[in-house]
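Subject: Handing over the model we spoke about

Dear colleague,

Please find below the model that I promised to pass on to you. Once you have had a look at it, the notes underneath go through what was found.

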Amino acid sequence: MSTEKKEALKQENKSFLRKELEDLMSLDLLRASFAEFLGVMFLVMYGVGAGLYHETLGTKPSSVHIAIETGFFIAVIITTLSTVSGGHVNPAISIGFLVTGGITLSRFFFYVCFQVLGAIAGMYVISVVSPVEMHQENFGVILPGTNVTDVQAFVCEAYITFLLDFAMFSFLDSGRSDMAGSVPFIIGILVVVNVFSTWNLSGGCMNPARNFGPMVIHAAYDKAWVYWAGPMIGGGLGAFIYDRIFSTRSMLRSGGSKEGKEFNKMNMSKEIYINEASSIEHSEL
């Protein structure tokens, strides 16, 4: 390795450590982590609460009921916490921001720890405020469907969370000019679609913390690896692949290709139009 490369690597390591230390020392990290705690706590309370029913007094809620409630809640909580912590409320989303450089390693670990603690707290609250007679079946724990193996459930969780992160990073791509409407609402719709798709397979979890809270309360960890490994691997890959291959930034970097040249022309034309419009506007003042 040449001296220049060694020096560049040394500077990169120093920059990495400086960013980590700055984030660890910031008040914002604690505030954002607490926001993630609250977000996941309410997610578990509302998610598990939507599935509660009394066996002798009411019918079991359908998958439509639970999926739509979950999607709407996700849209609300992302909108609520987006300016505080980014509104991740999911370790599989946080790992997406980690692998794309959106958050530091320290923030990732803080977020995940607070998300898990929030899930445990939320499950404890819902178990206290609901009658024991309503604690049916697995009471909040999402498990593979009938005759579905752990490996099959793992694959299902991986691909739906891949799509969740892939699509979400597409919606958040700052280089896009075609996005309209509420991004949190669109993400909520995607969550509903994913739940519908795998309700009878893996349960459509997509969120390791959401499922781990109930598992801790019930001390049932035999399926924990399915709902940690699947979403974390799928989510990380979805975010990374979009960021490195499909994002507008990666398209600009590949300006030598036909597609990249067309993209550069389109952006150049847009910039010229904006500059001309700005000049005309100022000339009229």
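To begin with one detail: in which loop is alanine 219 found? Alanine 219 lies in the loop between helix H8 (208-218) and H9, and I will return to this residue below, after the overall picture. Please keep in mind throughout that this is a predicted model.

Overall fold

The chain contains 11 helices and zero strands, so that reading along the sequence gives the pattern α-α-α-α-α-α-α-α-α-α-α. Of its 285 residues, 44% count as buried, and the accessible surface comes to about 15600 Å², with 65% of that area belonging to carbon and sulfur atoms. Among the contacts with a separation of 6 or more, 76% are accounted for by residues 24 or more positions apart.

Nonpolar cores

The largest nonpolar core has 42 residues, and those with the most contacts inside it are Leu164 and Ile187. At least two residues of this core are supplied by each of helix H2 (27-50), helix H3 (63-81), helix H4 (91-99), helix H5 (105-129), helix H6 (150-171), helix H7 (183-198) and helix H9 (224-246). A second, separate core of nine residues includes Ala153, Cys205, Met215 and Ala224. Returning to the largest core, isoleucine 187 touches Ile74, Ile78, Leu164, Met168 and Phe171, if residues up to four places away in sequence are not counted.

Helix packing

Three helix pairs may be of interest to you. H6 and H7 pack at an angle of about 165 degrees with their axes 10 Å apart, and they are therefore roughly antiparallel to each other; their crossing is right-handed. On the H6 side the contact is made by Cys156, Tyr159, Ile160, Leu163, Leu164, Ala167, Met168 and Phe171, and on the H7 side by Val183, Ile186, Ile187, Leu190, Val191, Asn194, Ser197 and Thr198.

For H4 and H9, the axes come within 8 Å and cross at roughly 35 degrees, and H4 passes H9 in a right-handed crossing. Here Pro91, Ala92, Ile95, Gly96 and Val99 of H4 make the contact with a set of H9 residues that includes Trp228, Pro231, Gly235, Gly236 and Phe240.

H5 and H8 pack with their axes 8 Å apart and at an angle of about 55 degrees, which makes H5 oblique to H8. The crossing of H5 past H8 is right-handed, and in this pair Gln115, Val116, Ala119, Ile120, Met123 and Tyr124 of H5 meet Ala209, Phe212, Gly213, Pro214, Val216, Ile217 and His218 of H8.

An enclosed helix

H4 deserves a second look, because seven of its nine residues are buried and it is thus largely enclosed by the rest of the structure. The buried residues are Pro91, Ala92, Ile93, Ser94, Ile95, Gly96 and Phe97, and what covers them includes H5, H6, H8 and H9.

Loop residues to check

Most residues other than glycine have a negative phi, and two loop residues depart from this. Valine 89, which is found in the loop between H3 and H4, has a positive phi of about 45 degrees although it is not a glycine. Alanine 219, the residue from the opening question, has a positive phi of about 55 degrees and is likewise not a glycine. Is each of these two residues buried or exposed? Valine 89 counts as buried, because its relative accessibility is 2%, under the 20% limit, whereas alanine 219 counts as exposed, because its relative accessibility is 54%, over the 50% limit.

Finally, glutamate 133 is found in the loop between H5 and H6, where it is partly exposed with a relative accessible area of 48%. Its C-alpha atom is separated by 8.4 Å from that of tyrosine 53, although the two residues are 80 residues apart along the chain. Leaving out residues up to four places away in sequence, glutamate 133 touches Tyr53 and His54.

With best regards

Terms used
Residues numbered from 1 in each chain as written. Predicted model: local features only at pLDDT ≥ 70, side-chain atom pairs only at ≥ 80, totals over all residues. Heavy atoms only, no water. Core = buried A, V, L, I, M, F, W, Y, C linked by side-chain atoms within 4.5 Å. Buried < 20%, exposed > 50% of the residue type's maximum accessible area, 1.4 Å probe, protein only. Helix = DSSP H or I, 4+ residues; strand = E, 2+ residues; numbered from the N terminus. Contact = heavy atoms within 4.5 Å. Areas by Shrake-Rupley, 256 points an atom, 1.4 Å probe, with all protein chains shown as cover. Axes fitted to C-alpha atoms, helices over the stretch in contact; angles between N-to-C directions. Parallel < 35°, antiparallel > 145°, perpendicular 65-115°, else oblique. Left-handed = near helix turned anticlockwise from the far one by under 90°.
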